[in-house]
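Hi,

Here is the structure I promised to pass on to you. Have a look at it first, and then read on for what turned up in it.

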Amino acid sequence: MDNCIFCKILRGEIPSTKVYEDEKYYAFRDINPQAKEHILVIPKCHVKNVAQADEALLGGLFYTAARIAENLGLNEGFRLITNCGKHGAQSVEHLHVHILGGEQLGEDMNGKR
Ligand code: AMP
């Protein structure tokens, strides 16, 4: 998608700090971290959000996110979040899962992230 920020990152038109890459997924550091570790995992194909994605893509996305968390040494735990649509406060319309960790997170699930 021409105007999608994350597609631009995938094309190398916008810089990113790469954490992981394979043939289907790409992971990089969030520009505005909400925890000590804050990584975004995205599919290389442009899919708007979790509501538009198929089972295989979502399974692979969450599986990949869990492997990345493991490789980052987040063995005390972590949180995976995917915001969807207006009420979900999704700001970038390219499917992504946030990995948050590296420190104790709050119990409030109604917060910003
Ligand atoms: P969401 O609100 O769930 O759509 O999350 C979008 C995330 O993308 C936010 O946490 C932003 O900080 C992050 N973000 C936006 N632009 C960039 C960028 N160029 N590089 C890294 N992260 C970004």
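Please keep in mind that this is a predicted model. A good place to start is F78, which stands opposite G101 in strand 5. That pair belongs to a longer story: strand 4 (residues 78-81) and strand 5 are joined by four bridges and pair in the antiparallel sense.

Strand 5 has another partner as well. Strand 3 (residues 37-43) runs antiparallel to strand 5, with five bridges between them. If you want to find this pairing on screen, look for L40, whose bridge partner in strand 5 is H98.

Is strand 5 (residues 97-101) enclosed or open? Five of its five residues are buried, so strand 5 is largely enclosed by the rest of the structure. You can check this face by face: V97, I99 and G101 are buried on one side, and H98 and L100 are buried on the other.

Now for the largest pocket, which has a volume of about 360 Å³. Its lining is made up of 21 residues, and those nearest the centre are F6, F28, D30, I31 and L40. You have already met L40 as the partner of H98.

What kinds of residues form the lining of this pocket? There are 10 nonpolar, eight polar and three charged ones. Helix 1 (5-11) and strand 2 (25-29) each supply at least two residues of the lining. The largest share, three residues, comes from helix 1.

Enjoy exploring!

Best wishes

Technical notes
Residues are numbered from 1 along each chain as its sequence is written. This is a predicted model: local features need pLDDT of at least 70, side-chain atom pairs count only at pLDDT 80 or more; totals for chains, interfaces and linings use all residues. Side-chain values use heavy atoms; hydrogens and water are left out. On a 1 Å grid over the protein atoms alone, a cavity is a set of points where a 1.4 Å probe fits but cannot get out, and a pocket is an open set with protein on both sides within 12 Å along at least five of seven lines; lining residues have an atom within 4 Å of a point. Grid points are joined across faces, edges and corners, and a volume is the space filled by probe spheres set on the points. Ala, Val, Leu, Ile, Met, Phe, Trp, Tyr, Cys and Pro count as nonpolar, Asp, Glu, Lys and Arg as charged, and the others, Gly among them, as polar. Buried means under 20% relative accessible area, exposed over 50%, partly exposed in between (1.4 Å probe, protein chains only). Two strands pair if DSSP finds at least two bridges between them.
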